[in-house]
Every structure is written in structure tokens, then in C-alpha cells.
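Notebook open, two chains to go through. I want to look up how they meet, then pick one residue and follow it.

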Amino acid sequence: MAVLDVMKPEASTSAEPRASRLYLRLLCFFLLLYIPVQWVVGRRPGSTSIFSSQHRQLQQEFLDMHVALRRQIFSLCTQHGVHDIFFSAADVASPYFVNQAPPGCELHRPTDVTPIAPSRELACSAVVVDESLPDAWNPVRHWEMLGPMEKKLAPLSEWESETGQFGFQLLQARACQQAGQTAER
Amino acid sequence: MLTRTTRSTDSPRLLTPWPSISNPVVFVLLLASIFFAILALARANVLTFPLPNEDDASFFFPAWNLAVHGTLRVPLLNAPDGIFWVPHGFYLWLALFLRAFAPTVEVARTVGQLTTAAAAVLLVLAYSRICRSRGYALLCGLLLVSPGMIFAANTVRMESLMLLLLAAGLLLHSYERRLAAAAVFILAVVVHPALLLGATLYAVGIFWTEVVIPMHLSRPRVTVKGRLLTMVIVSAVAAAIALEGVYLLHHLSTFHQHMAYQIARKANRSPLKTLLTKRGLLLICEAVFTSAAIAYLYRHPQAWRVFVRELLPLFLLALGLSAYATLGREIPYNVYSYAVLPATFFCLTDRMLSLPFTPR
């Protein structure tokens with residue numbers, strides 16, 4: 001900090017008495033009063049609150065979802081000829097297994113600004129991941145929005161956590177599933 | 001151990017059984033306790049406050065790509081030309097840590113937690129110099145151990161780095177390195193636009209200081225090392241902004257496309273409705289308070305000079321940030337509106353009450 005030290009200019013070296021005790025005490029009072037107000041106002045900005053009683057359960061269920069999703073994707077990529085995994089723009093799970101993506105499979109995760117053409121998601125080598133979880137910003141639980149794609153996709157498999165708060169579906173184009181079933185017959 | 005403590009020059013010396021805050025060791029221990037309190041609270045609430053959310057991926061993947069593949073292009077996010085709806089400073093910062101440790105989201109979150117806790121410590125250090133009372137600065141520091149800070153610490157977003165830059169700028173200002181402080185605030189714009197208005201108002205404030213106060217009173221006599229530090233900071237910031245500018249120019253069409261989306265999203269929000277929220281009311285209170293302080297202090301020349309030089313640029317900076325946080329209406333901005341800005345205003349008010357009031 002010696003580098004930062006400067007000699008004070010003249011204006012601030014003049015006598016600067018501390019404020020009257022009354023004003024200082026009043027200021028300290030308001031400051032101390034603000035602390036609980038801040039905790040009350042800010043403790044629940046989204047769907048969970050700080051020190052939520054469900055903390056451990058939510059944490060565990062999210063980690064379980066991550067493990068289950070990784071297993072199912074690994075199985076699809078290594079045994080069922082899937083090459084592309086498409087997440088939605090509201091996906092939260094992909095950052096947790098981007099380093100463990102199965103070989104031969106590519107992850108795609110659009111954003112609201114960089115959407116992916118639906119035709120790519122309807123390819124037979126593609127699987128779409130639809131996650132369900134409590135919304136971080138609003139006190140609601142929702143499935144992700146597949147929009148007009150919903151009618152063109154059929155579930156391959158699904159998973160739900162113990163309390164049903166977290167879950168996912170793996171979906172594929174209906175046409176591909178029907179073609180697969182015909183080939184099996 | 002008995003320690004002598006004094007609150008002001010005219011108060012009697014008291015013998016207390018407690019170690020005094022004026023003891024540097026005690027002060028450092030209390031700063032460390034703020035650091036560890038924020039860190040512990042963030043760790044205790046990880047993955048639930050906030051819940052995992054889409055921002056984790058949006059802001060993690062560009063940094064991950066830079067750390068793993070060495071490019072700002074993000075094919076994984078279907079952005080083969082890169083991401084341009086926020087500047088790239090945060091990605092570079094995060095990529096350094098992902099490269100040094102491991103390219104995982106857990107490392108990214110830990111970086112956020114440590115950065116936020118470090119920013120809180122720097123903020124308290126700056127407060128202690130601005131309001132010239134370690135005890136009061138620590139009281140302001142208590143406002144930083146708050147849900148807003150924990151939330152910022154646990155998200156993979158740029159608020160933690162913004163807080164660190166804000167704190168570094170405040171600390172430089174407290175050492176009267178105003179040009180370097182302005183440079184650091186402007187550097188924050190390469191991370192996130194939240195400080196754009198605040199940094200501009202701060203620059204206006206320090207320019208006004210040069211105009212209002214005679215030069216020999218407003219310019220501190222600076223050591224050679226101090227001048228060198230300012231030059232290094234200003235040059236580094238100019239280089240960072242130039243690099244970002246060149247990168248944007250090379251991807252101008254993508255930048256336009258991405259920003260059009262951002263502007264359309266933010267333009268949907270009614271400013272009037274926003275002002276009637278809790279944040280909006282806080283902003284109105286802060287603006288009214290600052291205006292009243294300016295009007296009152298203007299009639300006290302001695303106090304006015306100190307106010308214009310030391311405090312007014314910071315009031316303007318805080319108001320600019322508060323306006324952005326209010327009108328931006330994003331939950332992660334709670335850290336500014338409910339934690340950092342109130343703490344800063346309390347600190348500035350304490351200093352203001354200590355000014356030498358002599359009527360004109």
C-alpha cells in the first residue's frame with residue numbers, strides 16, 4: 001500500500017471534527033436496523049430461500065438427476081447410435097457433465113439468442129433432453145418449453161427424483177422411433 | 001489484556017477489557033471473519049441459493065471453451081462466432097482459473113465465492129479509509145454479509161468480478177488515485193455494463209472537482225511510484241478496452257444481432273413500474289438524499305470543497321449503479337441494490353457528517 005500513499009492536499013488537512021454523537025448514533029441505529037430488513041427482503045429472491053429446510057434434499061435430488069442423465073446419455077451414445085444430444089435454452093444440467101461427454105457424441109445447448117434449427121433436433125441420430133426442475137427465479141416448477149417441437153417428439157425414457165421435484169425426459173423424433181420399430185419387426 | 005481506546009480527540013480515554021479495533025491485528029482478524037463468513041454461508045447454500053439455473057451454462061461455456069479449446073467461439077452454445085450479448089472480460093477472467101485448476105462448473109463457482117468474499121474485504125478496507133473509522137467500516141461490512149452477496153457468490157455470473165473491480169476502484173479513490181479509480185470503473189464495462197452509467201458519472205464528478213476546487217487544493221502531491229501505478233493501470237485498461245473494441249469490430253454483424261435481442265428484452269420493461277418496486281424506492285431515496293446533501297453542503301464552503309473532492313464522485317458512482325440495477329430488473333442485481341450500495345451510502349454519510357461545517 002506504500003505505493004498508494006499520497007500526501008493529503010491542503011483542503012482535507014484542516015480540522016475535521018467528528019459529527020455529533022447524536023447523529024452518529026442515529027446513523028448506527030439505522031445501519032443496524034437495515035441488517036434484519038435486508039435479510040427479510042433478500043432471503044427469498046426466487047423459488048428457494050437462503051437456509052432452506054429442503055437444502056440437502058434439493059441438492060441431493062439435483063445430483064441424482066445429473067448422475068441418471070449422464071448414465072442414460074452414455075448408454076444412448078455408446079449402444080444406440082446417437083451422435084447428437086440437444087439440450088434446451090433453459091437447461092441447467094449440461095455444465096455438470098460437459099467434461100464427461102461420451103465419446104462419439106456431441107452436446108448442443110442453444111441460448112435464447114442463438115437458437116438451433118428444429119430440423120437438426122429431428123434427425124434420427126439426435127436425442128432431445130427435456131429437464132424438469134424448480135425455477136431458480138420464480139416460485140414455480142416447470143418442464144422446459146419444447147414449443148412446436150413437442151408434437152414431433154416422442155419420449156425414449158424418463159426419470160424423476162424421489163419427491164418429483166427434478167426430472168427429465170429423453171425424446172426423439174416420432175418418425176425415427178416408428179422407423180426403428182418397423183425395422184425391429 | 002487492557003487496551004486504551006479512543007473514539008474522538010475530545011472523548012475521554014477508556015480502559016476496556018476488549019482488544020481495540022484500532023489495533024491492526026484485530027482489524028485484520030475481523031476482516032478475515034467477514035471473508036470466511038461469506039465463504040461459509042455461500043458453501044452452505046451451494047446449489048440451492050440460487051438453484052441451478054440457465055445462466056450457469058450461458059456464462060460457463062464461453063469460459064470453458066476458452067480454457068479448453070483456446071477460443072472465444074462457442075459452438076456448444078450454437079454461437080460459432082462467439083457470444084456478444086455481454087462483453088468478454090468475465091470469460092477471460094474465469095478461463096484463467098479453469099485453465100489453472102480444472103475446467104469444471106464447481107471451480108467456476110468456487111472462483112465466484114472467493115472473489116465475492118475478497119471483494120467484501122476490499123470494500124471494508126476502502127470504507128475504513130473513506131469514513132476514517134475502522135469500527136464504522138466494519139459495521140458497514142456487516143451489510144455485506146447478506147443474502148445478496150451469498151446469491152452473487154453462488155452464481156456463475158459476472159457480479160462477483162464486478163464487485164471486486166468496484167472495491168478496487170473505491171480503494172484507489174480512498175488513496176486519492178482518482179484517475180486510476182476511474183480507469184478501474186471503466187474497465188468494469190468490459191465485464192458487464194452495470195457500471196457504465198456509474199463510471200461515467202464518476203468521471204464527470206472528478207472532472208468537476210478539477211473545475212470547482214483550485215488546482216493546488218484538489219491535486220494530491222503524488223509519489224513517483226504512485227504516478228507509475230496510475231500509468232500502469234490506465235494503460236492496461238486502455239489496452240483491454242482497445243482489444244474488446246477490435247474484437248467487436250471484427251464481429252460487428254453478430255454483435256448487432258445479439259445486442260438487438262438484449263435491447264428488445266430490456267425495452268419490454270416499463271421504467272415507471274420499475275421505479276415503484278422496492279429497488280426503485282431505494283433509488284429514489286438515494287437520489288433525494290444525495291440532492292439534499294449537495295444543496296445543504298453548497299452553503300458551507302469548507303465542507304463543500306472536501307465533499308466535492310472526496311465524496312461527490314462516489315455518490316454519483318453509486319447513484320449510477322443503483323439506477324442500472326433498478327432499471328435492469330434482474331434478481332442477481334440485488335447484490336448492488338440491497339447490499340453494496342446501502343453499505344456505501346452509510347459509509348459516505350458517516351464521512352459527510354464529519355465534514356467541517358462553517359456557513360458561507
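First lookup, polar contacts: I get 18 residue pairs between chain B and chain A, both residues at pLDDT 80 or more. A pair here means N or O atoms within 3.5 Å; within protein, one must be able to donate a hydrogen and the other to accept it, and residues adjacent in sequence count only if both atoms are side-chain atoms.

Ground rules, for the record: this is a predicted model, where local features need pLDDT of at least 70, side-chain atom pairs need 80 or more, and totals for chains, interfaces and linings use all residues. Residues are numbered from 1 along each chain as its sequence is written, chains are lettered from A in the order written, and side-chain values use heavy atoms, without hydrogens and water.

Next, what does chain B bring to the side that touches chain A? By class I find 45 nonpolar, 20 polar and 18 charged residues. Nonpolar covers Ala, Val, Leu, Ile, Met, Phe, Trp, Tyr, Cys and Pro; charged is Asp, Glu, Lys and Arg; the others, Gly among them, are polar.

Then I checked area. The two chains bury about 6,600 Å² between them, 66% of it on carbon and sulfur atoms (accessible area, 1.4 Å probe, lost on being put together, summed over both). B:L51, B:N78 and B:Y175 supply 10% of what chain B buries against chain A, more than any other three residues.

Last, I followed B:L51. Its contacts (heavy atoms within 4.5 Å) include A:S47, A:L58 and A:P134. C-alpha to C-alpha, B:L51 is 21 Å from B:L163, 112 residues apart in sequence.

How values were computed. Lists of a residue's contacts leave out its neighbours within four places in sequence.
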